[in-house]
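Student: Hi, I'm new to this one. Could you walk me through it?

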Amino acid sequence: MASEPAATPLLLAVPPSAREALTSAEARWSAIPLAIVVGAEVAFVLGGLQEGAAASSLALVALLTLGALRRGRPGGSAAIALATIPLLRVLSIALPSLLVPVWLWYAEIGLLVILATMLAARMIPFDLRALVLRPVRPADTLLAAGAGLPLGLLAMVIAGTPALGMDRSFATLLLASVAVIVGGALAEELLFRGLVQGVAEGIVPRGGVAVAAGLSTLLYLATLNLRYVVLMAAVAVVLGMLTRRSGSIVPAVACHAALLWSQVILWPALLG
Amino acid sequence: MTSMVTELITSGLPSTPSLALALPVDAMVTALLIVLLAARLLVTASSGLGGRPTLQVLDVAAIPLFLAFAVVVLDRVMEILPLG
(Lines give C-alpha, C1' and ligand atoms only; values in the text may rest on other atoms or scores of the structure.)
Protein backbone atom coordinates (compact mmCIF):
# COMPACT_ATOMS: atom_id res chain seq x y z
CA MET A 1 0.00 0.00 0.00
CA ALA A 2 1.43 3.35 -1.05
CA SER A 3 2.31 5.53 1.89
CA GLU A 4 0.56 8.88 1.84
CA PRO A 5 1.49 11.75 4.13
CA ALA A 6 -0.73 11.84 7.21
CA ALA A 7 -3.50 14.44 7.04
CA THR A 8 -1.97 16.92 9.45
CA PRO A 9 -3.66 20.27 10.15
CA LEU A 10 -1.50 22.18 7.67
CA LEU A 11 -2.38 19.78 4.87
CA LEU A 12 -6.07 19.14 5.50
CA ALA A 13 -7.31 21.67 2.94
CA VAL A 14 -4.92 20.53 0.21
CA PRO A 15 -5.95 17.97 -2.46
CA PRO A 16 -3.86 14.77 -2.23
CA SER A 17 -2.36 15.34 -5.69
CA ALA A 18 -0.91 18.70 -4.67
CA ARG A 19 0.05 17.57 -1.18
CA GLU A 20 3.43 16.13 -2.09
CA ALA A 21 4.54 19.22 -4.05
CA LEU A 22 3.41 21.55 -1.28
CA THR A 23 5.14 19.47 1.38
CA SER A 24 8.31 19.57 -0.67
CA ALA A 25 8.18 23.38 -1.07
CA GLU A 26 7.38 23.76 2.64
CA ALA A 27 10.33 21.56 3.52
CA ARG A 28 12.72 23.51 1.29
CA TRP A 29 11.64 26.90 2.64
CA SER A 30 11.49 25.65 6.22
CA ALA A 31 15.14 24.64 6.05
CA ILE A 32 16.02 28.36 6.22
CA PRO A 33 14.47 29.09 9.66
CA LEU A 34 15.76 25.75 10.89
CA ALA A 35 19.31 26.69 9.86
CA ILE A 36 18.96 30.11 11.54
CA VAL A 37 17.91 28.53 14.86
CA VAL A 38 20.69 25.92 14.74
CA GLY A 39 23.27 28.62 13.88
CA ALA A 40 22.20 30.81 16.82
CA GLU A 41 22.40 27.92 19.28
CA VAL A 42 25.81 26.84 18.00
CA ALA A 43 27.01 30.45 18.40
CA PHE A 44 25.75 30.38 22.00
CA VAL A 45 27.57 27.16 22.83
CA LEU A 46 30.82 28.09 21.06
CA GLY A 47 30.85 31.84 21.68
CA GLY A 48 29.46 32.20 25.19
CA LEU A 49 26.85 34.31 26.89
CA GLN A 50 27.11 37.67 25.13
CA GLU A 51 27.81 36.24 21.69
CA GLY A 52 24.94 33.82 22.16
CA ALA A 53 22.58 36.59 23.20
CA ALA A 54 23.59 38.64 20.15
CA ALA A 55 23.21 35.64 17.81
CA SER A 56 19.80 34.75 19.28
CA SER A 57 18.64 38.38 18.98
CA LEU A 58 19.67 38.51 15.33
CA ALA A 59 18.06 35.11 14.71
CA LEU A 60 14.84 36.32 16.30
CA VAL A 61 14.70 39.42 14.07
CA ALA A 62 15.52 37.32 10.99
CA LEU A 63 12.81 34.74 11.77
CA LEU A 64 10.15 37.37 12.47
CA THR A 65 11.03 39.13 9.21
CA LEU A 66 10.86 35.83 7.33
CA GLY A 67 7.60 34.93 9.06
CA ALA A 68 6.02 38.29 8.19
CA LEU A 69 7.20 38.21 4.58
CA ARG A 70 6.19 34.60 3.91
CA ARG A 71 3.08 34.36 6.05
CA GLY A 72 0.60 31.98 4.38
CA ARG A 73 3.29 30.73 2.02
CA PRO A 74 5.85 27.90 2.33
CA GLY A 75 8.29 28.57 5.14
CA GLY A 76 6.15 31.19 6.88
CA SER A 77 4.64 28.92 9.53
CA ALA A 78 8.01 27.36 10.31
CA ALA A 79 9.64 30.78 10.70
CA ILE A 80 6.94 32.00 13.09
CA ALA A 81 6.97 28.78 15.14
CA LEU A 82 10.76 28.61 15.33
CA ALA A 83 11.05 32.29 16.33
CA THR A 84 9.97 31.18 19.80
CA ILE A 85 13.25 29.25 20.25
CA PRO A 86 15.74 32.18 20.02
CA LEU A 87 13.20 34.16 22.06
CA LEU A 88 13.38 31.48 24.75
CA ARG A 89 17.17 31.72 24.64
CA VAL A 90 17.17 35.54 24.93
CA LEU A 91 14.75 35.38 27.86
CA SER A 92 16.76 32.65 29.56
CA ILE A 93 19.91 34.77 29.35
CA ALA A 94 18.35 38.08 30.37
CA LEU A 95 15.95 37.12 33.16
CA PRO A 96 18.01 35.10 35.68
CA SER A 97 19.13 37.32 38.54
CA LEU A 98 20.93 36.59 41.78
CA LEU A 99 18.34 38.72 43.59
CA VAL A 100 15.51 36.24 43.09
CA PRO A 101 15.43 32.56 44.06
CA VAL A 102 16.47 30.13 41.34
CA TRP A 103 13.05 28.45 41.27
CA LEU A 104 11.49 31.78 40.33
CA TRP A 105 13.60 31.88 37.17
CA TYR A 106 11.57 28.96 35.83
CA ALA A 107 8.33 30.88 36.33
CA GLU A 108 9.67 34.14 34.87
CA ILE A 109 11.03 32.50 31.72
CA GLY A 110 8.41 29.79 31.36
CA LEU A 111 5.33 32.01 31.57
CA LEU A 112 6.73 34.30 28.87
CA VAL A 113 7.57 31.27 26.70
CA ILE A 114 4.00 29.97 27.12
CA LEU A 115 2.69 33.41 26.11
CA ALA A 116 4.95 33.49 23.03
CA THR A 117 3.93 29.93 22.08
CA MET A 118 0.25 30.85 22.24
CA LEU A 119 0.82 34.04 20.24
CA ALA A 120 2.72 32.05 17.59
CA ALA A 121 0.10 29.28 17.49
CA ARG A 122 -2.71 31.70 16.60
CA MET A 123 -0.70 32.84 13.55
CA ILE A 124 -0.46 29.45 11.87
CA PRO A 125 -3.07 26.91 10.77
CA PHE A 126 -2.40 24.59 13.65
CA ASP A 127 -4.70 23.75 16.56
CA LEU A 128 -2.58 23.83 19.70
CA ARG A 129 -5.66 23.74 21.91
CA ALA A 130 -6.64 20.32 20.55
CA LEU A 131 -3.27 18.93 21.64
CA VAL A 132 -3.87 20.24 25.16
CA LEU A 133 -7.58 19.54 25.58
CA ARG A 134 -7.92 16.17 23.81
CA PRO A 135 -8.94 13.57 26.41
CA VAL A 136 -6.35 10.94 27.26
CA ARG A 137 -6.53 7.82 29.37
CA PRO A 138 -5.58 8.71 32.97
CA ALA A 139 -3.58 5.47 33.14
CA ASP A 140 -1.31 6.66 30.30
CA THR A 141 -0.71 9.98 32.06
CA LEU A 142 0.02 8.29 35.40
CA LEU A 143 2.38 5.83 33.72
CA ALA A 144 4.22 8.68 31.99
CA ALA A 145 4.50 10.61 35.27
CA GLY A 146 5.72 7.48 37.04
CA ALA A 147 8.44 7.00 34.44
CA GLY A 148 9.57 10.57 34.99
CA LEU A 149 10.62 10.01 38.62
CA PRO A 150 13.49 7.54 37.98
CA LEU A 151 14.46 9.55 34.92
CA GLY A 152 14.71 12.58 37.20
CA LEU A 153 17.08 10.70 39.48
CA LEU A 154 19.19 9.67 36.50
CA ALA A 155 19.21 13.25 35.20
CA MET A 156 20.20 14.61 38.62
CA VAL A 157 23.10 12.17 38.93
CA ILE A 158 24.34 12.79 35.38
CA ALA A 159 23.93 16.58 35.47
CA GLY A 160 25.03 16.94 39.10
CA THR A 161 21.98 19.10 39.71
CA PRO A 162 22.33 21.13 42.91
CA ALA A 163 19.40 21.82 45.24
CA LEU A 164 17.45 24.95 44.35
CA GLY A 165 18.65 26.62 47.54
CA MET A 166 15.21 27.35 48.94
CA ASP A 167 14.04 27.22 52.51
CA ARG A 168 12.16 24.12 53.65
CA SER A 169 8.80 25.80 54.33
CA PHE A 170 5.72 24.19 52.79
CA ALA A 171 4.68 27.41 51.02
CA THR A 172 8.05 27.80 49.32
CA LEU A 173 8.08 24.13 48.35
CA LEU A 174 4.62 24.46 46.83
CA LEU A 175 5.46 27.65 44.93
CA ALA A 176 8.75 26.20 43.69
CA SER A 177 6.98 23.03 42.54
CA VAL A 178 4.38 25.01 40.62
CA ALA A 179 7.08 27.23 39.08
CA VAL A 180 9.16 24.25 37.96
CA ILE A 181 6.19 22.26 36.62
CA VAL A 182 4.46 25.14 34.82
CA GLY A 183 7.46 27.27 33.88
CA GLY A 184 9.76 24.38 33.03
CA ALA A 185 7.86 21.27 31.95
CA LEU A 186 4.63 22.77 30.60
CA ALA A 187 6.39 25.61 28.77
CA GLU A 188 8.93 23.34 27.07
CA GLU A 189 6.37 20.70 26.12
CA LEU A 190 3.89 23.27 24.76
CA LEU A 191 6.68 24.71 22.66
CA PHE A 192 8.49 21.60 21.45
CA ARG A 193 5.97 18.73 21.51
CA GLY A 194 3.08 21.10 20.83
CA LEU A 195 3.96 23.93 18.47
CA VAL A 196 7.26 22.82 16.90
CA GLN A 197 6.34 19.14 16.49
CA GLY A 198 2.87 20.01 15.21
CA VAL A 199 4.22 22.38 12.58
CA ALA A 200 7.06 20.01 11.67
CA GLU A 201 4.63 17.11 11.14
CA GLY A 202 2.73 19.32 8.73
CA ILE A 203 5.91 19.80 6.72
CA VAL A 204 7.69 16.45 7.05
CA PRO A 205 4.89 14.08 8.14
CA ARG A 206 7.18 11.28 9.28
CA GLY A 207 9.92 13.49 10.69
CA GLY A 208 8.10 15.79 13.07
CA VAL A 209 9.16 13.89 16.17
CA ALA A 210 12.80 13.91 15.07
CA VAL A 211 12.80 17.64 14.25
CA ALA A 212 11.21 18.62 17.57
CA ALA A 213 13.46 16.27 19.54
CA GLY A 214 16.53 17.57 17.69
CA LEU A 215 15.66 21.19 18.42
CA SER A 216 14.92 20.61 22.10
CA THR A 217 18.15 18.62 22.41
CA LEU A 218 20.00 21.47 20.73
CA LEU A 219 19.06 23.71 23.66
CA TYR A 220 20.55 21.19 26.11
CA LEU A 221 23.94 21.44 24.34
CA ALA A 222 24.57 24.55 26.44
CA THR A 223 24.69 22.39 29.57
CA LEU A 224 28.12 21.30 28.23
CA ASN A 225 27.44 17.76 29.48
CA LEU A 226 27.41 15.14 26.72
CA ARG A 227 25.83 12.35 28.81
CA TYR A 228 23.04 14.71 29.89
CA VAL A 229 22.48 15.80 26.29
CA VAL A 230 22.20 12.13 25.18
CA LEU A 231 19.75 11.37 28.01
CA MET A 232 17.56 14.36 27.20
CA ALA A 233 17.67 13.52 23.48
CA ALA A 234 16.33 10.04 24.26
CA VAL A 235 13.68 11.52 26.57
CA ALA A 236 12.68 14.05 23.88
CA VAL A 237 12.22 11.28 21.28
CA VAL A 238 10.08 9.22 23.67
CA LEU A 239 7.98 12.26 24.63
CA GLY A 240 7.52 13.11 20.94
CA MET A 241 6.35 9.58 20.13
CA LEU A 242 4.06 9.62 23.16
CA THR A 243 2.50 12.87 21.95
CA ARG A 244 2.10 11.55 18.42
CA ARG A 245 0.53 8.29 19.60
CA SER A 246 -1.90 9.86 22.10
CA GLY A 247 -2.67 13.01 20.08
CA SER A 248 -2.19 15.01 23.27
CA ILE A 249 0.73 16.64 25.05
CA VAL A 250 -0.70 15.81 28.48
CA PRO A 251 1.26 12.53 28.96
CA ALA A 252 4.46 14.26 27.78
CA VAL A 253 3.86 17.15 30.18
CA ALA A 254 3.22 14.67 33.02
CA CYS A 255 6.46 12.80 32.30
CA HIS A 256 8.54 15.96 31.89
CA ALA A 257 6.99 17.53 35.00
CA ALA A 258 7.79 14.46 37.12
CA LEU A 259 11.30 14.31 35.66
CA LEU A 260 12.09 17.98 36.23
CA TRP A 261 10.38 18.26 39.63
CA SER A 262 12.15 15.19 40.96
CA GLN A 263 15.45 16.28 39.38
CA VAL A 264 15.59 19.74 40.93
CA ILE A 265 13.42 19.40 44.07
CA LEU A 266 12.65 15.84 45.21
CA TRP A 267 15.93 13.95 44.74
CA PRO A 268 18.28 16.79 45.81
CA ALA A 269 16.16 17.17 48.99
CA LEU A 270 16.19 13.43 49.72
CA LEU A 271 19.74 12.59 48.69
CA GLY A 272 21.56 15.93 48.72
CA MET B 1 19.20 22.51 35.24
CA THR B 2 16.96 22.59 32.19
CA SER B 3 17.42 23.71 28.63
CA MET B 4 16.37 27.20 29.71
CA VAL B 5 18.84 27.88 32.47
CA THR B 6 22.19 26.31 31.79
CA GLU B 7 25.68 26.23 33.20
CA LEU B 8 26.72 28.88 30.68
CA ILE B 9 24.07 31.27 32.00
CA THR B 10 24.49 30.70 35.72
CA SER B 11 28.26 31.05 35.47
CA GLY B 12 27.84 34.36 33.63
CA LEU B 13 25.53 36.08 36.12
CA PRO B 14 26.84 39.39 37.47
CA SER B 15 27.87 39.19 41.12
CA THR B 16 27.64 42.88 42.05
CA PRO B 17 25.20 45.71 41.21
CA SER B 18 27.81 47.58 39.18
CA LEU B 19 28.57 44.49 37.12
CA ALA B 20 24.84 43.99 36.63
CA LEU B 21 24.49 47.52 35.27
CA ALA B 22 27.33 46.87 32.85
CA LEU B 23 25.81 43.63 31.56
CA PRO B 24 25.36 44.03 27.79
CA VAL B 25 22.69 41.31 27.60
CA ASP B 26 20.10 43.62 29.11
CA ALA B 27 21.08 46.31 26.62
CA MET B 28 20.52 43.77 23.84
CA VAL B 29 17.04 42.99 25.13
CA THR B 30 16.28 46.71 25.25
CA ALA B 31 17.64 47.26 21.75
CA LEU B 32 15.66 44.29 20.45
CA LEU B 33 12.49 45.63 22.03
CA ILE B 34 13.09 49.10 20.54
CA VAL B 35 13.65 47.56 17.09
CA LEU B 36 10.41 45.57 17.34
CA LEU B 37 8.39 48.54 18.63
CA ALA B 38 9.83 50.77 15.88
CA ALA B 39 8.94 48.11 13.30
CA ARG B 40 5.40 47.97 14.72
CA LEU B 41 5.04 51.75 14.38
CA LEU B 42 6.39 51.70 10.82
CA VAL B 43 4.04 48.88 9.80
CA THR B 44 1.07 50.65 11.38
CA ALA B 45 1.94 53.94 9.69
CA SER B 46 2.51 52.42 6.27
CA SER B 47 -0.23 49.79 6.08
CA GLY B 48 -2.97 50.77 8.51
CA LEU B 49 -5.39 47.89 9.05
CA GLY B 50 -3.76 45.95 6.20
CA GLY B 51 -0.66 45.49 8.32
CA ARG B 52 -2.48 43.67 11.09
CA PRO B 53 -1.10 40.19 10.22
CA THR B 54 2.44 41.57 10.26
CA LEU B 55 1.80 43.22 13.62
CA GLN B 56 0.61 39.88 15.00
CA VAL B 57 3.85 38.24 13.84
CA LEU B 58 5.92 40.97 15.54
CA ASP B 59 3.83 40.61 18.71
CA VAL B 60 4.99 36.99 19.09
CA ALA B 61 8.27 38.47 20.38
CA ALA B 62 7.36 42.06 21.22
CA ILE B 63 4.84 41.29 23.99
CA PRO B 64 7.02 38.75 25.89
CA LEU B 65 10.07 41.00 25.47
CA PHE B 66 8.18 44.00 26.82
CA LEU B 67 7.24 42.02 29.93
CA ALA B 68 10.84 40.74 30.20
CA PHE B 69 12.08 44.33 29.97
CA ALA B 70 9.83 45.27 32.90
CA VAL B 71 11.25 42.39 34.97
CA VAL B 72 14.84 43.36 34.08
CA VAL B 73 14.24 47.01 35.04
CA LEU B 74 12.69 45.89 38.34
CA ASP B 75 15.71 43.66 39.04
CA ARG B 76 18.16 46.44 38.30
CA VAL B 77 16.29 48.92 40.52
CA MET B 78 16.33 46.36 43.35
CA GLU B 79 20.08 45.94 42.83
CA ILE B 80 20.79 49.67 42.86
CA LEU B 81 18.58 50.64 45.82
CA PRO B 82 20.88 49.21 48.52
CA LEU B 83 23.69 51.46 47.23
CA GLY B 84 21.57 54.61 47.77
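Tutor: Sure, let's start with a bent helix. Helix α11 of chain A, residues 250-271, has a kink of about 50° centred on Ser262(A). The bend at a residue is the angle between axes fitted to the seven residues ending there and the seven starting there. Helices (H or I, at least four residues) and strands (E, at least two) are DSSP runs, numbered from the N terminus.

Student: And what is this model, and how are things numbered?

Tutor: It's a predicted model, where local features need pLDDT of at least 70, side-chain atom pairs count only at pLDDT 80 or more, and totals for chains, interfaces and linings use all residues. Residues are numbered from 1 along each chain as its sequence is written, while chains are lettered from A and ligands numbered from 1 in the order in which they are written.

Student: Back to α11(A): is it mostly covered or uncovered?

Tutor: Mostly covered, with 17 of its 22 residues buried. A residue is buried if 20 or more other C-beta atoms lie within 10 Å of its own, exposed if 12 or fewer, and partly exposed in between, with C-beta atoms placed from the backbone.

Student: Leu260(A) sits in that helix. Why does it count as buried?

Tutor: Because 25 other C-beta atoms lie within 10 Å of Leu260(A). Its C-alpha atom is 9.4 Å from that of Leu153(A), and those two are 107 residues apart along the chain.

Student: Now the two chains. How many residues does each give to the contact?

Tutor: Chain A gives 46 residues and chain B gives 37 residues. Two residues are in contact if their C-beta atoms, placed from the backbone, lie within 7 Å.

Student: Which elements on the chain A side are involved?

Tutor: Those giving two or more residues are α2 (49-69), α4 (84-94), α5 (102-121), α8 (170-203) and α9 (208-220) of chain A. α2(A) gives the most, with 10 residues. By class, that side of chain A has 33 nonpolar, 10 polar and 3 charged residues. Here Ala, Val, Leu, Ile, Met, Phe, Trp, Tyr, Cys and Pro count as nonpolar, Asp, Glu, Lys and Arg as charged, and the others, Gly among them, as polar.

Student: How do α2(A) and α4(A) pack? What's the angle?

Tutor: The angle is about 145°, with the axes 8 Å apart. Axes are lines fitted to C-alpha atoms, for helices over the stretch in contact, and angles run from 0 to 180 degrees between N-to-C directions. Among the residues that meet are Gly52(A) and Ser56(A) in α2(A), and Pro86(A) and Val90(A) in α4(A). That contact has 9 nonpolar, 3 polar and 1 charged residues.

Student: What about the largest nonpolar core?

Tutor: It has 109 residues, and those touching the most other members are Ala83(A), Leu91(A), Ala120(A), Val180(A), Val60(B) and Ala61(B). A nonpolar core is a set of buried Ala, Val, Leu, Ile, Met, Phe, Trp, Tyr and Cys residues joined through C-beta atoms within 7 Å. α8(A) gives the most to this core, with 15 residues.

Student: What does Leu91(A) touch?

Tutor: Leaving aside neighbours within four places in sequence, Leu91(A) is in contact with Ile109(A), Leu112(A), Val113(A), Pro64(B) and Ala68(B).

Student: And Ala187(A), where is that?

Tutor: In helix α8 of chain A. Ala187(A) counts as buried because it has 27 C-beta neighbours inside 10 Å. Again leaving aside neighbours within four places, Ala187(A) is in contact with Gly110(A), Val113(A) and Ile114(A).

Student: Switching to chain B, how many helices and strands are there?

Tutor: Chain B has 4 helices and 0 strands. Of its 84 residues, 29% count as buried.

Student: Where is Gly48(B)?

Tutor: In the loop between α3 (24-47) and α4 (52-80) of chain B. Gly48(B) counts as exposed because it has 9 C-beta neighbours inside 10 Å. The C-alpha atoms of Gly48(B) and Arg76(B) are separated by 37 Å, with their positions 28 residues apart along the chain.

Student: So what about Arg76(B), where does it lie?

Tutor: In helix α4 of chain B. Arg76(B) counts as partly exposed, with 17 C-beta neighbours inside 10 Å. From C-alpha to C-alpha, Arg76(B) and Asp26(B) are 9.8 Å apart in space and 50 residues apart in sequence.
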